[in-house]
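Hello,

Here is the structure you asked to look through. My notes on what was found in it follow below.

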Amino acid sequence: MARAVSPRRKWSFTVLAWIVALLLFFPILWTILTSFKTEGDAILFPPAFLPPHWTLENFVEVQDRSNYFKHFFNSVVISIGSTLLGLVITVPAAWSMAFSPTKRTKDILMWMLSTKMMPAVGVLVPIYLIFKSLNLLDSLFGLTIILMLINLPIMVWMLYTYFREIPVDILEASRMDGAVLWKEIVYVLLPMAIPGIASTMLLNIILAWNEAFWTLNLTAANAAPLTAFIASYSSPEGLFWAKLSAASTLAIAPILVIGWFSQKQLVRGMTFGAVK
Amino acid sequence: MGKIVLEGVEKTFGAIKVIQNVNLTVDDGSFVVFVGPSGCGKSTLLRLIAGLEDVTAGKILIDGVDVVNTPPAKRGLSMVFQSYALYPHMSVRSNIGFGLKMAGRPKAEIDRKVEAAAATLNLTPYLDRRPRALSGGQRQRVAIGRAIVREPKAFLFDEPLSNLDAALRVQMRIEIARLQDTLGTTAIYVTHDQVEAMTMADKIVVLSAGRIEQVGSPLELYNKPDNLFVAGFIGSPKMNFIPGAAAGDPGAATIGIRPEHIAASRDSGTWSGTVTVAEHVGSDTFLYINAGPLGDLTVRSVGEMGVKPGDRIFMTPEPGRIHRFDPAGHAIVAAH
Ligand SMILES: Nc1ncnc2c1ncn2[C@@H]1O[C@H](COP(=O)(O)OP(=O)(O)OP(=O)(O)O)[C@@H](O)[C@H]1O
Ligand SMILES: [Mg+2]
């Protein structure tokens, strides 16, 4: 039953929601606006909200100085690659934790999550050395692996939560119907878990797309994704705010578009189980 | 073919023994019903046979082959779940045909068998619907259809009718019994509904706390219960238990007499008491009687009987219908 909400309450919630949304969105908006300013206007004080002189020169120069499409391609490969590879590992893992739990399952989940609490810089040196000796430095393959690994706990957690919502009877029915494990997963579990899997994939792609620590530290010219492309505008010759903003805008544009079109799916996935 | 034999089957969950040393033979083509109070292990025993749980000890033989290490997918049994457990993302057609698809049967054969099963179960108009667009009774039929198309060695039912309303339950009960009879497939059926057990079973297995108390035909259990538990569990209303000494039978610790085997009279009888509650249901009258040293007794009298609470009443047990039990609760079998 929907509870009746008084119009005044409804208004105040709407206003509050807008304030929060604007606060969250403001940095992105500011970046986009700055990318259309001249370098001079970008560092004006007090700052100008709208560009006093709209210009596209930052974008032109960014594309001239570095190859956006190459970095874009790298970002696509590692974010989608790490997500798909991650699914291959986490779907069976989450299946076993959700449907044949043992006394230790909760501990294992906690332990997996705890690795996310470890500062990445703490393992930078060993990982770097391992990558070096395996010749994985500055390779798309190496980056895909490392991004898959760092997002593994989140994927397992999300999938585990979604799978737990699926009645185990239905999986048992498929076993009685003669489905062996992989058929049970492919024909019964996955189709029923599509909303959950889709939102896990989306979140993981976004996380991988924006990941900057490992991508910056383990790449040079070849495998650098968009994060490294942005970073290259804040180094040797000093800070160029407008160009940095243009690079950032270019980098976040694809993911912003994907996020916009899939927001329904994302929200549905994240509240899966909370609403029946 | 589908003879199922359990030999010394045990199951523990953690430290709790849920199934204790169960030995049972389910003959090919027979309809066996597991009954017992809630939590006695009926579902667990069924799931052990299905392979959905692993046995802790013992053997399960299907047609002479021990299957304890065989996964459920390979045991060749079908199961109908209480929750129906239909695949929500598939049409009725795909739900029923799923088992055949898993077995890699050709599409033409699947279509033919699914349509035949649907016709038997009056599901033809719904073949292209999703389960969520069906009523409870229709869903249950789909679950049954899914079980029969595979031509399994046996059907396993876990309280398949308990989510249906009373009228539908009676109808489905008759349908299941008729279907099983026509197909001649072995069936194991879990229920806690006495009427289902008595009417459907060739053989009833009474379970209590993970043990088999007695196995027998419905009338054997009714007429010759092995012990107090079975005597009290089978039959409704429950059998009356009276201390032997009070009933004038010092040789038995307890005697039992069913409510329908006591004749009530206003004038004379072996025992006497005061009516506390009289339930008039038309076909029968149920009397709850305070019979002093004998305790509280229930009497079922056929037809209308004009008595009301507070009336004095006399009772006469039907000779030959008295069950006698020793102090350990075992039936004392009359020496012939
Ligand atoms: N997975 C499990 N882990 C631990 N204990 C369990 C598990 N499954 C069942 N049990 C226990 O085993 C006992 C028997 O359970 P079971 O479900 O077989 O009972 P039942 O006879 O089917 O009861 P009902 O009539 O209520 O369905 C119960 O005490 C139950 O708590
Ligand atoms: Mg049960």
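Please keep in mind that this is a predicted model. I begin with the ligand and then turn to the two chains.

The ligand

A backbone N or O atom of B:G41 lies 3.0 Å from an oxygen atom of ligand 1. B:G39 also offers a polar backbone atom, which is 2.8 Å from an oxygen atom of the ligand. With B:K42 it is the side chain that takes part: one of its N or O atoms is 2.8 Å from an oxygen atom of ligand 1. How much of ligand 1 does the protein bury? Taken alone, the ligand exposes 630 Å², and the protein buries 57% of that.

The residues that surround ligand 1 are B:F13, B:V18, B:S38, B:G39, B:C40, B:G41, B:K42, B:S43, B:T44, B:E159 and B:H192. Sorted by class, this shell has three nonpolar, six polar and two charged residues. Which element gives the largest share of the shell? That is helix α1 of chain B, residues 42–50, with three residues.

The interface between the chains

Between chain A and chain B, 16 residues of chain A are in contact with 25 residues of chain B. The area buried between the two chains is about 1,700 Å², and carbon and sulfur atoms give 64% of it. On the side of chain A, A:M176, A:D177 and A:Y187 supply 41% of the area that this chain buries against chain B, which is more than any other three residues.

A:D177 appears again among the charged pairs. This residue forms a salt bridge with B:R146, and the closest N and O atoms of the pair are 4.0 Å apart. The count of salt bridges between chain A and chain B is three. In addition, nine residue pairs are in polar contact across the interface, with both residues at pLDDT 80 or more.

Which elements of chain A give two or more residues to the side that touches chain B? They are α8 (168–176) and α9 (181–192) of chain A. Of the elements, α8(A) gives the most to that side, with seven residues. By class, the residues on the side of chain A that touches chain B divide into nine nonpolar, two polar and five charged.

To look at these places yourself, you could begin with B:G39, B:G41 and B:K42, each of which has a polar atom listed above with its distance from an oxygen atom of ligand 1. After that, turn to the salt bridge between A:D177 and B:R146.

Regards

Notes. Residues are numbered from 1 along each chain as its sequence is written. Chains are lettered from A and ligands numbered from 1 in the order in which they are written. This is a predicted model: local features need pLDDT of at least 70, side-chain atom pairs count only at pLDDT 80 or more; totals for chains, interfaces and linings use all residues. Side-chain values use heavy atoms; hydrogens and water are left out. A residue is near a molecule or strand if one of its heavy atoms lies within 4 Å of it. A polar contact is a pair of N or O atoms within 3.5 Å; within protein, one must be able to donate a hydrogen and the other to accept it, and residues adjacent in sequence count only if both atoms are side-chain atoms. Accessible areas come from the Shrake-Rupley method with a 1.4 Å probe; for residues, only the protein chains shown count as cover. Helices (H or I, at least four residues) and strands (E, at least two) are DSSP runs, numbered from the N terminus. Ala, Val, Leu, Ile, Met, Phe, Trp, Tyr, Cys and Pro count as nonpolar, Asp, Glu, Lys and Arg as charged, and the others, Gly among them, as polar. Contact means heavy atoms within 4.5 Å. Buried area is the accessible area (1.4 Å probe) that two parts lose on being put together, summed over both. A salt bridge is a side-chain nitrogen of Lys or Arg within 4 Å of a carboxyl oxygen of Asp or Glu.
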